[in-house]
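Open the model in your viewer and keep the selection panel at hand. This tour goes stop by stop.

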Amino acid sequence: MDILNAFVAFLNFVFVPGLAYGSQLALGALGVTLIFGVLRFSNFAHGDTMAFGTAFVILFTWWFKSMGISAGPLPTALLALPFGIAVTAAFVLGTDRVVYRFYRQKKAAPIILVIASAGVMFVMNGLVRMIIGTEEQNFADGARFLLEPKAFKEWSGLAEPLAIKSTAAVTVVVAAICVAALFWFLQRTRTGKSMRAFSDNEDLALLSGINPDRVVQVTWIIAAALAVIAGTLYGLDKSYRPFIYFTLLLPIFAAAVVGGLGSPLGAIAGGYIIAFSEVIFTNAWKKVAGYLLPADWLGDGLLQALSTDYKSAVSFSILIIVLIFMPTGIFKGK
Amino acid sequence: MSQYRTPILFGGVALLFILTGVLQSWNLSLSILTMGLLSAIMAMGVNMQWGYAGLFSTGIVGSVALGGLGVVLVAAKPAPEGLAAGGWGIVAALIFAAVGIVAAVLAWPRMKPGRMRAALLVVYLIVLFWVYRTILDPAVTAVEANDPTRAGNIGGLGWNAILGWPVGALFAGLAAWIIGKIALGLRTDYLAIATLGIAEIVLMVLKNEDWLARGVKNLGIESRPWPVPYEVDLQVAPWFLTIVQDWGLNPTTASTILVKLLYCGLFTLVLLALVWMSERALHSPWGRMMRAIRDNEVSAAAMGKNVTRRHLQIFIIGSAVVGLAGAMMTSMDGQISPGSYQPLRYTFLIWIMVIVGGSGNNWGSVLGGLLIGWLYLAVEFLGPGILRHVVSVLPFPVTEDSLKDISAHTRLITLGVVLLMVLRFSPKGLLPER
């Protein structure tokens, strides 16, 4: 019984939150890694693209609610997603046209593009604050729990409850669908194949008649869609505060680098590695250990490796370890 | 015309400060000037990294904060009880961790590659971390338990704040050495990502580690950098009062202005010394080598230059200069407040100064620092007035509060647009590199 209780506590405090957070990071890192693969620079504006898209998703959600449209037990934001993606994709294509295309045609050094993306980041950050303000927004609706803690306790007869928030379940399902769709697109469609070819060897791809502008545009649209989905899922699961998305930049970059920049599979693995490490290192293990070990072994500490304030220190340390020991990442990126 | 470009532009900036002094107040003009001078020094440090070597760091705010930490550790009031309670335990824990990590880095290439090595590393790091926490935790608890409302930290040395300046530079340089050692020599993007992380962690440590500099409770320092006096001391000093009376000035205003003038003088001295040294360095064989590396790494490497080592060197020097400016700023503020270190203000604004002023040109960085520094702060007193005119044409009323909000958000957008415009249309900046 105690082992079961410990297992449930582990699921409740580590596995379920880690899985949801990991899915959000994986979607974010996929966007960064795609941009890197095709356009060959680290996009510092990605965090604010997430914030920008989510802001529009929230606006559409409010509008739908005011018209009485809802998705039943699912969050209304899912209905608003396509509209948010459309607005963000249009904006991002606009930035490509106004900002990035010039440097691409000039074949500027990647670092110039990084600096330009920092400029875009500012503009988007300011726009987001103007559009939706700096306050916290809670836009999750529909059913709160997929699995209620009380129902689980009654069903299992265990002392430890297990709660699965519907937002966490939605996150994992949506992320799985997105990843499947993305891989199908990259492996099976003509455009996806040309994207991979362009990413592997630009000159060869151009020689074989691939239209670079089209590849770049499709990449931006996919990256924007992934960013909006990741941002919305994160906002649903936690809550929406525009400045939070700037701090998400570090774990997302870390996930992309750990997996290997330019490798989509690596970005997904990296997302889960970073998320689970953050949760494992900042979780207070006292509850789990309490079921497994005799009480007098425990001492009075929380058995917490790092306080939750240091969450990003975990992703940073993993980033540094990977840079020292295997700079191309797990999946051998660029 | 081109030989008059520098004096004309500097004259224009001087005019801006004089106009602010005449039309607003000299106090305001001087406080903007002190910040402008500090920004100019920071911009020079960044210019060394970017303009001389083409290194892009997104962690400038971290160097600024580390410089501030250097000053408070030198100049804050000593807390001997706190230090005795656990100071040495903390030092021991930090040394233990450093030695442990260095051992791992040294052992790694000497071990046989494979899964075994990776697994051993993970186990080793976990054990290392556990032992480190076992040494650190009781020491930290003991230090923070000592008079937590007034101290609760390890205290400073109680020396004059000016002695903290080189220490601040040293701290920033040390952090740059660690980061540079790891991220330089890899893709250029990695330095940008790694510095973003280190800056975030430096700020996190400053906010959360109360034993170090009292975290968000802000740690004050006991002295002003020599020879700047306190205003209250001036106002009772007989020599000062006689001068003030002779000139028919108000003692309070005169003392604040004198203090600010002294700061300006001190900062200008440092700035000019740095410009002189950088110009000498830039026109020496070393400077030519740096520019050769920046312009073509492959051919510089073919000439037998060690590109990564030179990059590391300039990255450390640039960060140390930024740290020096951060130390000077904290000694002027009189306390360290971790909440005030905004990446926007101390990373990206400095970048804009460097690029607007002219990458690779020291005088350009100084000009950019003074000009953008003035603009950034002048928006505070000019912005709402201008905005009020703009929004007065709108059909609905806009409150003062939302006016302030909007002006803060427009500042972000303006900065971004200025960066993008200069980068695209005038990448050489106001004073191009010769």
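What follows is a list of selections, with what to look for at each one.

**Before you start.** This is a predicted model: local features need pLDDT of at least 70, side-chain atom pairs count only at pLDDT 80 or more, and totals for chains, interfaces and linings use all residues. Residues are numbered from 1 along each chain as its sequence is written, while chains are lettered from A and ligands numbered from 1 in the order in which they are written.

**Stop 1: all of chain A.** Select chain A and colour it by secondary structure. It has 14 helices and two strands. Both are DSSP runs numbered from the N terminus: helices are H or I with at least four residues, strands are E with at least two. The radius of gyration of chain A is 21 Å and the globule rule gives 20 Å for 334 residues, so chain A is as compact as a globular protein of that length. (The radius is taken over C-alpha atoms; the rule is 2.2 Å times the number of residues to the power 0.38.) Along its principal axes, the C-alpha trace spans about 70 × 55 × 40 Å.

Of the 334 residues of chain A, 46% are buried. Buried means 20 or more other C-beta atoms within 10 Å of the residue's own; exposed means 12 or fewer, and partly exposed lies in between, with C-beta atoms placed from the backbone. Among contacts in chain A with a separation of 6 or more, 76% join residues 24 or more positions apart. Two residues are in contact if their C-beta atoms, placed from the backbone, lie within 7 Å.

**Stop 2: where chain A touches chain B.** Show both chains. Here 36 residues of chain A are in contact with 33 residues of chain B. On the chain A side, select helix 3 (77-106), helix 4 (110-132), helix 11 (249-259) and helix 14 (311-325), the elements that give two or more residues. Which helix gives the most? Helix 4 of chain A does, with 15 residues. By class, this side of chain A has 28 nonpolar, six polar and two charged residues. (Ala, Val, Leu, Ile, Met, Phe, Trp, Tyr, Cys and Pro count as nonpolar; Asp, Glu, Lys and Arg as charged; the others, Gly among them, as polar.)

**Stop 3: A:Thr308.** Select A:Thr308, in the loop between helix 13 (286-292) and helix 14 of chain A. Is A:Thr308 buried or exposed? With 12 C-beta neighbours inside 10 Å, it counts as exposed. Now add A:Val279: the two are 29 residues apart in sequence and 8.8 Å apart in space, C-alpha to C-alpha.

**Stop 4: helix 2 of chain B.** Select residues 26-52 of chain B. The end C-alpha atoms of this helix are 36 Å apart, which agrees with the 39 Å that its 27 residues should span at 1.5 Å a residue. (The expected span is 1.5 Å times one less than the number of residues.) Look for a kink of about 35° centred on B:Val46. A bend is the angle between axes fitted to the seven residues ending at a residue and the seven starting there. Helix 2 is mostly covered, with 22 of its 27 residues buried. B:Gly54 follows helix 2, with a positive phi near 75°.

**Stop 5: helix 15 of chain B.** Select residues 343-357 of chain B. This helix of 15 residues reaches 20 Å from its first C-alpha to its last, close to the expected 21 Å. Its kink, about 25°, is centred on B:Leu349. Twelve of its 15 residues are buried, including B:Tyr346 and B:Trp351. End the tour at B:Gly358, just after helix 15, with a positive phi of about 130°.
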